[in-house]
Amino acid sequence: NEIFSIFADLSKIEDIKNAINKILEITNNIDVLVNNAGYTKPESFLNASIDDFRHTLEVNLISPFILIQNLMKSGVHPKKIVNIASTSGIGARAGWITYAISKAAMISMSDTLREELKVFGVDVISISPGRCATNLRKTLAPDEDPNTIMQPEDVANTIFYLTTKEGKYLTSQNLVVR
């Protein structure tokens, strides 16, 4: 198996379409599609701008929607789709409203896609990592010791497990990883 990485600005429809075209040039078979886009600009509800809210939804929710929809319509049906949500999407967190909404919607979209795409043999799961030592986390919590929280490779290992024979049974709900 080969791993292909394609980079795009997922807030731009044209970049998403170019990424889809690159995928279709490379292959017509995808074993695992991981939607790991994430953007946030933490603000309270009263201070959040509609432009930032729109940008958050474009990156975190709409771009994976467009990507999955276009792949399915092109006849490329991934065997498994892993959508990265967040524990922010399942619990209240003051000051993170736009991010929380986008990740809650990702969980809901994953649940719906799981039902709609199973007829194509596509397994869909969402995982919701908790605090993880990413560059985004460093920006959001600069005083936090990154060695005291989950590491990105822990999330990657969870995603890998989901692709194994045993992991295929974890598809019925949002999986929280902490």
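Here are three short exercises on this structure, each with a worked solution.

This is a predicted model, where local features need pLDDT of at least 70, side-chain atom pairs count only at pLDDT 80 or more, and totals for chains, interfaces and linings use all residues. Residues are numbered from 1 along each chain as its sequence is written, and side-chain values use heavy atoms, with hydrogens and water left out.

**Exercise 1.** Work out where N60 is found and what its side chain reaches.

*Solution.*
- Start with the element: N60 is found in helix α2, residues 50-74. Helices here are DSSP runs of H or I with at least four residues, strands are runs of E with at least two, and both are numbered from the N terminus.
- Now check burial. N60 has a relative accessible area of 0%, so N60 is buried (under 20% is buried, over 50% exposed, in between partly exposed; 1.4 Å probe, protein chains only).
- Then look at the side chain, which gets to the backbone nitrogen of Y39 at 2.8 Å.
- Finish with the surroundings: leaving aside neighbours within four places in sequence, the contacts of N60 (heavy atoms within 4.5 Å) include G38, Y39, Y99 and M106.

**Exercise 2.** Find which residues touch the most other members of the largest nonpolar core, and which helix gives the most to this core.

*Solution.*
- First, the term: a nonpolar core is a set of buried Ala, Val, Leu, Ile, Met, Phe, Trp, Tyr and Cys residues joined through side-chain atoms within 4.5 Å.
- The largest one has 22 residues, and L33, I68, L71, I81 and L117 touch the most other members.
- Next, the helices: α1 (13-26), α2 and α3 (97-117) each supply at least two residues, and α2 gives the most, with seven.
- Zoom in on L117: not counting residues up to four places away in sequence, L117 touches I68, M72, I81, V122 and V124.
- Don't miss the second, separate core of ten residues, with I84 and V177 among them.

**Exercise 3.** Compare the salt bridges K79–D31 and D111–R114 by where their partners sit.

*Solution.*
- A salt bridge is a side-chain nitrogen of Lys or Arg within 4 Å of a carboxyl oxygen of Asp or Glu; the whole structure has six.
- K79 and D31 meet at 2.7 Å, N to O. K79 lies in the loop between α2 and β2 (80-84) and D31 in the loop between α1 and β1 (32-35), so the pair ties together parts 48 residues apart in sequence.
- K79 is partly exposed at 45%, and D31 is partly exposed at 28%.
- D111 and R114 meet at 2.9 Å, N to O. They're three residues apart in helix α3, so about one helical turn separates them.
- D111 is partly exposed at 31%, whereas R114 is buried at 10%.

Definitions and conventions:
Polar contact = N/O pair within 3.5 Å; in protein donor to acceptor, adjacent residues only side chain to side chain.
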